[in-house]
Amino acid sequence: MTHTRWRVVVPLPIPAYDFKPVHGDHGDALGRRVLVPWQGGARVGLVVEIVDDARDDLNLKDAIALLDTDPILEPDGCAALSEIAKACFCFAGIA
């Protein structure tokens with residue numbers, strides 16, 4: 001059995017964090033904005049990668065809600081964002 005995690009960047013100088021998908025959502029969230037729990041509140045982030053693996057990490061928090069019906073960034077754009085951040089020695093959330 002595989003489990004899905006969303007890798008989310010927020011507009012802060014920190015690496016991407018993994019979250020469980022919004023409860024009941026099985027659609028493709030790549031490139032869409034998402035509301036995630038953040039330090040006692042909520043923060044808007046961007047799903048830049050969807051990871052499927054056998055590991056079920058029960059410590060991950062659930063994303064709260066998807067904010068877009070369509071992606072604001074195409075899959076190639078998500079990959080490019082990560083590559084640009086690496087090339088610039090910065091984090092994708094502020095690249």
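Buried means under 20% relative accessible area, exposed over 50%, and partly exposed anything in between (1.4 Å probe, protein chains only). Keep in mind that this is a predicted model, where local features need pLDDT of at least 70, side-chain atom pairs count only at pLDDT 80 or more, and totals for chains, interfaces and linings use all residues. Residues are numbered from 1 along each chain as its sequence is written, and side-chain values use heavy atoms, with hydrogens and water left out.

**Exercise 1.** Work out in what order the elements of the protein chain run.

*Solution.* Start with the inventory: one helix and five strands. (Helices, H or I with at least four residues, and strands, E with at least two, are DSSP runs numbered from the N terminus.) Now walk along from the N terminus, and you get β-β-β-β-β-α.

**Exercise 2.** Sort Tyr17 and Trp38 into buried, partly exposed or exposed.

*Solution.* Take Tyr17 to begin with: its relative accessibility is 42%, so it counts as partly exposed. Trp38 sits at 14%, so Trp38 is buried. For the protein chain as a whole, 34% of the 95 residues count as buried.

**Exercise 3.** Find the aromatic pair and say what it ties together.

*Solution.* Here's the rule: rings of Phe, Tyr and Trp (its six-membered ring) pair if their centres lie within 6.5 Å; planes under 30 degrees apart are stacked, over 60 edge-to-face, the rest tilted. The count comes to one pair. Tyr17 and Trp38 form it, 5.4 Å centre to centre with 90° between the planes, which is edge-to-face. Tyr17 belongs to strand β2 (residues 17-19) and Trp38 to strand β3 (residues 33-38), so the pair ties together parts 21 residues apart in sequence.
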